[in-house]
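The following exercises are intended for a reader new to this structure. Each task is followed by a solution that proceeds step by step.

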Amino acid sequence: MRFRVIMIGLLAGMLVWSVNIHRQADKLLNEAKELEQHQEQTIAKQQQIIDKINEDRVKLKNENKELLARLINAEAGAEWCDPEMQRLVGVVALNRTKHEGFPDTLEGVIYDEGQYACVVDGNINKMPTERCYEVANDLIENGYSEPTDIIYQAEFPQGNIIYKKVQNMYFCG
């Protein structure tokens, strides 16, 4: 009899212990589900942020292509201008965005006071030629191999070095 009482007591204890373990397991499982839901929501929010950043990048890239094409057109868009001159006009503007002496955006570089006459005379607002669009697109999409210290263009030499003279335009650093 005593053995039965002990066994019943042990079984009852094991049953209580088992119920507690199951409750703890259920609690942990629920916490894990909540964490998983929170993680999924966080991932979804992060993806929305990434998508917005990528959207903004594409928009900025397209805006920069348009602005660069307008600059190239205004500075060297005439039919007599050599395609290399057009390319170097774009290279100078892009290099300036990386140079400490100029604003760090293409818009800032182009509209920086006293930098481009085409801003003052309004030629920056003219519709670019197809060739100017192609040059701008190539520079922004594919980059360029010209030196990054080419930051001046004019009909006269500037800076410390002359990189190249194309037709009537000097490209210098």
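The model examined here is predicted.

**Exercise 1.** Determine the handedness of the crossing of helix 2 and helix 5, and describe how the two helices meet.

*Solution.* The crossing of helix 2 and helix 5 is right-handed. The axes of these helices come within 10 Å and cross at roughly 45°. Oblique angles are those that are neither under 35 degrees, nor over 145, nor from 65 to 115; helix 2 is therefore oblique to helix 5. On the side of helix 2, the residues involved are Pro-83, Gln-86, Arg-87, Gly-90, Val-91 and Leu-94, and they meet Arg-131, Cys-132, Val-135, Asp-138 and Leu-139 of helix 5. Sorted by character, the residues of this contact comprise six nonpolar, two polar and three charged.

**Exercise 2.** Identify the residues with the most contacts inside the largest nonpolar core, and state which elements contribute to this core.

*Solution.* The core has 31 residues, and Leu-68, Leu-71 and Phe-171 have the most contacts inside it. Two or more residues come from each of helix 1 (2-76), helix 2 (83-98), helix 3 (106-111), helix 5 (130-142) and strand 3 (169-172). Helix 2 supplies the largest share, seven residues. Beyond its neighbours within four places in sequence, Leu-68 is in contact with Gly-90, Ala-93, Leu-94, Leu-106, Ala-136, Leu-139 and Ile-140.

**Exercise 3.** Decide whether Lys-65 is buried or exposed.

*Solution.* Lys-65 lies in helix 1. Its relative accessible area is 16%. Buried means under 20%, so Lys-65 is buried. Not counting residues up to four places away in sequence, Lys-65 touches Ala-136, Asn-137, Ile-140 and Glu-141.

How values were computed: Residues are numbered from 1 along each chain as its sequence is written. This is a predicted model: local features need pLDDT of at least 70, side-chain atom pairs count only at pLDDT 80 or more; totals for chains, interfaces and linings use all residues. Side-chain values use heavy atoms; hydrogens and water are left out. A nonpolar core is a set of buried Ala, Val, Leu, Ile, Met, Phe, Trp, Tyr and Cys residues joined through side-chain atoms within 4.5 Å. Buried means under 20% relative accessible area, exposed over 50%, partly exposed in between (1.4 Å probe, protein chains only). Helices (H or I, at least four residues) and strands (E, at least two) are DSSP runs, numbered from the N terminus. Contact means heavy atoms within 4.5 Å. Axes are lines fitted to C-alpha atoms, for helices over the stretch in contact, and angles run from 0 to 180 degrees between N-to-C directions. A crossing is left-handed if the near helix is turned anticlockwise from the far one by less than a right angle, and right-handed if clockwise. Ala, Val, Leu, Ile, Met, Phe, Trp, Tyr, Cys and Pro count as nonpolar, Asp, Glu, Lys and Arg as charged, and the others, Gly among them, as polar.
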